[in-house]
Amino acid sequence: MQKLECSRKCVAWPAGLFLLLLVGAAGAWSQAANKVETDPAALVNPLIGTANGGNDYPGATLPLGMLAWSPEEPRNRPRQQVQGVPGSMRDAPGRPAAPGGYAYSSNRISGFSLTHLMGTGCAGASGDIPFMPYVGEVASSPADDPGAASYGSTFSHDNETAQAGYYKVKLDNGVTVELTATLRTGSGRFTYPQGKPAVILVRGAYSETGSSDAQVKIDAAKRIISGSVTSGNFCGYIGTADRRSYYTLYFVAHFDAPFLRSGTWQDGSVLPGTTEARGGTTYGTNGFVPPGKGSGAWVAFDTSKSAMVGVRVGISYVSEKNAEANLQAENPEG
């Protein structure tokens with residue numbers, strides 16, 4: 001065995017042990033390479049970037065996908081103010097937990113929105129059409145619940161799974177949510193606790209930065225909820241020049257369970273039995289979503305025979321007809 005020369009104490013490695021280490025390292029590298037080659041998506045951790053200002057989201061999406069179905073979290077603590085950073089000096093209850101809608105430090109979800117952008121900064125962007133599974137009766141307007149204390153739910157990261165193209169979480173209200181996506185559509189499965197009222201809220205007007213218009217329509221015979229939201233307002237709280245809308249997103253959602261009952265809300269008014277509503281949240285006087293504004297719809301399900309409710313959702317920035325065409329092309333029934 002050859003003696004090594006160095007200025008500090010050295011360890012002489014037996015040639016056989018060194019060869020064994022090389023073989024082992026090569027084997028481990030080969031296994032990792034095979035895993036990358038056969039299933040590279042298994043190496044993706046969508047939770048990376050959801051803390052410490054990464055402004056990422058962990059929900060279901062595909063590379064370059066237009067639909068990104070991911071949790072939306074309300075702000076649960078005052079924003080830290082930093083001198084010299086204009087955005088940090090302004091705050092409001094309607095602000096999301098983080099740009100992108102999700103902060104790992106938060107533990108309350110207000111809905112699962114169909115669109116998200118990564119690393120936007122400001123107060124976020126997109127976060128359009130949140131779907132929120134709710135257990136109970138809709139007795140007050142969700143517009144009067146900006147912090148999602150009534151119609152949201154807490155959760156634990158111990159009950160959360162995020163994988164490439166798939167997201168799952170069991171909410172503390174008892175509902176298990178599973179989401180997946182194609183390029184322009186998503187599929188959701190909501191498993192409710194049996195024996196309790198099972199409701200889906202479609203918070204159509206509540207994009208991360210608010211909306212100037214929104215509309216929603218319930219078709220109980222076809223088990224469809226459809227509508228649109230007009231939004232934009234990126235960094236609008238910093239300057240009035242950006243406090244405007246510049247896109248409209250259309251959606252259509254097909255459910256696999258009949259609607260037991262339904263209703264809508266418009267601002268502070270709850271309208272049981274109605275099937276259409278319209279009205280945006282506005283952008284407020286300071287560029288944030290004001291409380292008591294906006295519209296949406298809810299439907300209730302009979303889960304006595306099956307606790308699971310499935311939904312297929314298509315989106316389009318062109319028209320509701322195109323949203324339906326995208327759904328039929330990428331995510332047809334059956």
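Which residues of helix 2 (residues 320-330) are buried? The legends below address this question and then turn to the remainder of the predicted model.

**View 1. The buried residues of helix 2.** In helix 2, which spans residues 320-330, the buried residues are Ala323, Asn326 and Leu327. Viewed down the axis of helix 2, these buried residues lie within an arc of 100 degrees, and therefore they line one face of the helix. As a general matter, an α-helix has 3.6 residues a turn, so residues three or four places apart point the same way.

**View 2. The other side of helix 2.** Lys321 and Ala329 are exposed on the other side of helix 2.

**View 3. The packing of helix 2 against strands.** Three strands pack against the buried residues of helix 2: strand 8 (185-191), strand 12 (245-255) and strand 17 (308-316).

**View 4. The N-terminal residues 1-23.** Over residues 1-23, pLDDT stays under 50. For these residues the model has 6 contacts beyond four places in sequence. Where pLDDT is low, the predicted coordinates should not be read in detail. For the chain, the average pLDDT is 88, and 85% of the residues score at least 70.

**View 5. The chain as the setting for the close-ups.** The chain contains 2 helices and 17 strands. Of its 334 residues, 47% are buried. Among contacts between residues at least 6 apart in sequence, 66% join residues at least 24 apart. The chain exposes about 16,100 Å², of which carbon and sulfur atoms supply 54%.

Terms used:
Residues are numbered from 1 along each chain as its sequence is written. This is a predicted model: local features need pLDDT of at least 70, side-chain atom pairs count only at pLDDT 80 or more; totals for chains, interfaces and linings use all residues. Side-chain values use heavy atoms; hydrogens and water are left out. Helices (H or I, at least four residues) and strands (E, at least two) are DSSP runs, numbered from the N terminus. Buried means under 20% relative accessible area, exposed over 50%, partly exposed in between (1.4 Å probe, protein chains only). Contact means heavy atoms within 4.5 Å. Accessible areas come from the Shrake-Rupley method with a 1.4 Å probe; for residues, only the protein chains shown count as cover. The arc is that of the directions from the helix axis to the C-beta atoms. pLDDT is the predictor's confidence in each residue, from 0 to 100.
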